[in-house]
Amino acid sequence: MTGPTINVAQTPPAAEVISGRGRFVKRIIKQPATVLALVYVVAFVLIGIFADVLAPYDPMKQNFSAVLETPSLQYWLGTDSLGRDSLSRILHGARIAFWASSQAILIAVVLGVPLGLLSGYVGGWFDRILMGFNDILLSLPGLMVAFGIIAVIGASLSNAMIAIGIIFSTRYLRLTRGVVLAEREQLYIAAAQVTGVSIPRLLFSHILPNIASPLIVQTSVLFGAVILIESSLSFLGLGASVGIPSWGGMLNEARLDYARQPFLALPPGFAIMLTVLAFNLLGDGIQDALAGRESVTDNPRPPQPIPTVSVVGDVSPQHGDVADEPKKALVLQDLEVRFPSLNGEMTVVSGVNLHLNVGETVGLVGESGCGKSITAKALMGLIPPPGRIVAGSLKLNGQELFGSSRAQWQEIRGSRIAMIFQEPLSALDPTYKVGDQIAEPLRQHDHLSHKQALTRAIELLDLVGVPEPHRRIHDYPHQFSGGMAQRVVIARALSCEPDVLIADEPTTALDVTIQGQVLDLLRDLQAQFGMSMLFITHDLGVVADICDRAMVMYAGQIVESAPCESLMLHPKHPYTAALLGAMPQNQKRIGELANIRGQVPQPWNLPTGCRFHPRCTFAQELCSSQSVALSTVEVEHHVRCLRAEELQLELRQ
Amino acid sequence: MSHDPILSLDQLHVSFLKRDFLGRISDTLHAVKDVSFEIESHQTFGLVGESGSGKSTIGKAILRLLKPERGKIIFDGEDLQSFGLFTPLSYRKQVQAVFQDPYSSLNPSHTVANIIGEPLTRHLGLSGKARQQRVIELLERVGLSAYHGGRYPIEFSGGQRQRIAIARALAVEPRLIICDEAVSALDVSTQAQVINLLESLQRDLAVSYLFISHDLAVVRHISHTIGVMYLGNMVELGSAERVYERPLHPYTEMLLASVPLANPIEQQKRRMARQQMRRVETNARKRVERGCPFAPRCPYVMQVCLEQMPAPLAVEGGGMVRCHLHSANGSELSSPLESRIPVPKKD
């Protein structure tokens, strides 16, 4: 074998992956107002282009036999004081509005976007000087500057639009620079630099497509604004030359003849209003669709009901020896969690049974996407909608929790089941002092006064090993290092002395020497409080360090469960053995690492039979056809494998 | 060891300036302090350290994504300082990179074929059929298929994306690839696949790697030589074997002892050792201004450690260590660390 002929599992078929663009169109279609606005805008543009063909009369042609007429079959929108057809003038006015606005927007884009790209990318003095100028221009009222420029270079629509284009370029500059600053942190920029991509290509081919969306939104909104300004200027006689049909000019003429024919003001007035409105609505709609928001009324799904629960009887494997069974703090049975997908609901977690004895630490191990975090969230009653628990029972000290109301869960969470997370700094609110954050659950659940709670917070911080706790309760989260912040999170989780602590990858984001400290701390605290702990991690080394028992999850199922020693020294499931083999355990540089071919299957694409069989080196025909149950091979050692009894899994040490 | 470095760093120093709102320098952060090492041709140099140790900064300086304050970076006999403001394409062609986060290191609006093809056009002037042919070759080399070329990064898993990033780095047949935490974001099974791929590419294409990682286990597996970083300083340097089997610096020792093993019996022993070490460590929490940066956490700290930074000391068989424990008598270096360290006081 020369190259790694790894069999990379295929990505799901195209039909199941909606491209970003497809999703965007879908979201747009779900917004009726946006669709309507889009239709209007398209019509506006077409009218602007084809006004000559569409208009029933020459807009300049005067007919003194039909002056100031009200709408009729011959003149749909009536005529003005010179007998010119209003409809034809409105249609031609659209042309003026469209071309003039396009001109201004084009100038604004051509000036603003490249300068913004450069300013954001280059930074430094260039950026500071340019933004200084930009801020000055932005602080001037647009219409006034347009007046000024017209005064200097003479009144014409074209001049006015150049002026407005220059003023509006500042908006593009500022927006572009802002998004470039954010985008510059993305690694693909560094990757392109390393490739040797030239700066213009980097700006226009790499960065621009990724920041196009906010620019499109901006353009839509600005189009409306320019049309308004064009109309204002024409109304004042500073825009389109007198006689040329423009909406603003028509409005001005209507003003003169208001007493004789009040209807005359309505067509241009409505044309301006509707057009500006349509552009603004379209901009908002695009923005919402890009952000993934959908208006609530468009969502056919009713608010989530409390999960339907089918409580299953006690079918724990070691049902026989009830007498000297250790006391169980938490029992989860037959958990099944589903999430909606394009082809109906998909089951993300199924048939998960687990229990925590009092004072015990159980590890839940698996790779990303195996369902371990969803299981943890279910234990906290925190499955994010639209996901739902379809079956299962969760008992905390004998009390059923699934089916509890929101208020009941709030009472349980934080006081009887607590949780700590992977990123300690994002688990803390940056705007509150840590002392108040630790005190909060105490005040809510134990009804302590503010002072009592703070005193307790100091005790807790001292307990978790934060030096000078009386001083540090007044500090904000950003003043703590990662390891110290995780200690604060642990202190908060322990504040109400919970029965069960769920730790979701609590040491993954920490440095390895700090990880050891936090593991030692959790171990000490557990002994002190007598609580049970569910430790979720992908690192079998961490499990070996802190857990008594461990369960391995794969594709939404538990595939092996055993005491740590038994699980890691004598694994019975090929997946567990493969995971252990794939860890580069301080191995010398000899040969290849054992790897598991392919990838974790997606929940919408689960294999039949044993879910691991396509990647398993020991798979037989039966494995792909027959679904496998969890069976007991030794005391407390359960395996989901048809060949568990016969396989001798060798571990490379 | 044949001495044929492709890249050498000589007293590299990188600092970041913090400015106040008037643009005046208010604070200086020394991210990398006078670091020197060499990467041998066709070999892997592993750079380990915890967050904030300056290991990624070194990678960025080599890639010319930031400017060092002083010190030299010499690639294939050429001093990078001589390049001036712009980096010549010839250097870009020879030094490539694979970054940590496979999600943000690929441009979401470009197809895979474009991502891999861009350096081909830029450096080799390939286009049309020839370019397409080479893209397919590269895709297959990293374990993907030709039809993946038309897709966008969003359609791939983390491991597959990292393969695409590797294919892009390989496209112009570079001589050195900087792998900055290249496998850290991947799951264990995928991580092993990517490590094996990197190793097989080195065998076939004779490429050198600078492998930057916080994961000691991974670094040991992939590296020939290892440098250990602590707060901007390189505290130990040596062959992978020697550093892991016989760590000379107390920090290296602590790092190695901290990696949890997936073996409950072994891990219990390590835990005991770790707790023992910590008991000493917590007694010595002080800030040091001048001395060894590791002194406040060091179980073997002496008075001299708080006063003066130890100089690099050559180790028998290559490499160096910066620690006062060894500076009294260099010839003792061949004996194991434990026999010479003063037994930590217990109180």
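Start in the loop between β11 (631-634) and β12 (637-639) of chain A, because that is where A:Glu636 sits. This is a predicted model, so keep that in mind throughout. A:Glu636 is not a glycine, yet its phi is positive, about 65°. Is it buried or exposed? A:Glu636 counts as partly exposed, because it has 14 C-beta neighbours inside 10 Å.

Chain B has a similar topic for us. Look at B:Ala206, in the loop between α6 (188-205) and β8 (208-213) of chain B. Phi of B:Ala206 is near 55°, again positive in a residue other than glycine. B:Ala206 counts as exposed, because it has 12 C-beta neighbours inside 10 Å. The cut-off for exposed is 12 or fewer.

Now chain A as a whole. It has 22 helices and 12 strands. Of its 653 residues, 45% are buried. Take the contacts in chain A with a separation of 6 or more: 68% of them join residues 24 or more positions apart.

Next, one helix in detail. Helix α15 of chain A covers residues 450-463. Does the length add up, and what should 14 residues span? At 1.5 Å a residue, the expected span is 20 Å, and the end C-alpha atoms are 20 Å apart, so the two agree.

Which residues of α15(A) are buried? They are A:Ala453, A:Leu454, A:Ala457, A:Ile458, A:Leu460 and A:Leu461. These cover an arc of only 165° around the axis, so they lie on the same side of α15(A). The spacing fits the general rule. An α-helix has 3.6 residues a turn, so residues three or four places apart point the same way. What do the buried residues of α15(A) pack against? The partners are α14 (434-445), α16 (469-472) and α17 (482-494) of chain A. Just after α15(A), A:Gly465 takes a positive phi of about 85°.

That brings us to the cores. The largest nonpolar core has 205 residues. Those with the most contacts inside it are A:Val488, A:Val500, A:Leu534, A:Phe535 and B:Leu210. Which helix gives the largest share of this core? That is α17(A), with eight residues. Zoom in on A:Val488. Leaving out residues up to four places away in sequence, A:Val488 touches A:Leu428, A:Val434, A:Ile438, A:Val466 and A:Phe480. There is also a second, separate core, of 60 residues. Among its members are A:Tyr75, A:Ala94, A:Phe98 and A:Ala146.

On to the interface. How many residues of chain A are in contact with chain B? The count is 57 residues of chain A, against 64 residues of chain B. On the chain A side, α7 (187-195), α8 (199-235), α18 (512-529), α19 (540-546), α20 (564-569) and α21 (574-582) each supply at least two residues. The largest share, seven residues, comes from α7(A). By type, the chain A side divides into 27 nonpolar, 22 polar and eight charged residues.

One chain B residue shows this contact close up. B:Ser104 sits in the loop between β6 (95-98) and α3 (112-124) of chain B. Across the interface, B:Ser104 touches A:Gln186, A:Leu187 and A:Tyr188. B:Ser104 counts as partly exposed, because it has 19 C-beta neighbours inside 10 Å. The cut-off for buried is 20 or more. Within chain B, B:Ser104 and B:Arg161 are 57 residues apart in sequence. In space, their C-alpha atoms are 9.9 Å apart.

Staying with chain B, take helix α1, residues 55-62. Eight of its eight residues are buried, so the helix is largely enclosed by the rest of the structure. The residues are B:Lys55, B:Ser56, B:Thr57, B:Ile58, B:Gly59, B:Lys60, B:Ala61 and B:Ile62. Note that B:Lys55 and B:Lys60 are on that buried list. Just after α1(B), B:Arg64 takes a positive phi of about 60°.

Last topic: the domains of chain B. The assignment gives domain 1 (5-244) and domain 2 (246-335). Their C-alpha centres lie 29 Å apart. Where the two meet, 14 residues of domain 1 are in contact with 18 residues of domain 2. On the domain 1 side, α7 (216-222), β9 (225-230), β10 (233-239) and α8 (240-245) of chain B each supply at least two residues. Which element gives the most? It is β10(B), with six residues. The domain 1 side divides into nine nonpolar, three polar and two charged residues.

Methods: Residues numbered from 1 in each chain as written. Chains lettered and ligands numbered in written order. Predicted model: local features only at pLDDT ≥ 70, side-chain atom pairs only at ≥ 80, totals over all residues. Helix = DSSP H or I, 4+ residues; strand = E, 2+ residues; numbered from the N terminus. Contact = placed C-beta atoms within 7 Å. Nonpolar A, V, L, I, M, F, W, Y, C, P; charged D, E, K, R; others polar. Domains from an automatic or database assignment. Expected span 1.5 Å × (residues − 1). Arc of directions from axis to C-beta. Core = buried A, V, L, I, M, F, W, Y, C linked by C-beta atoms within 7 Å.
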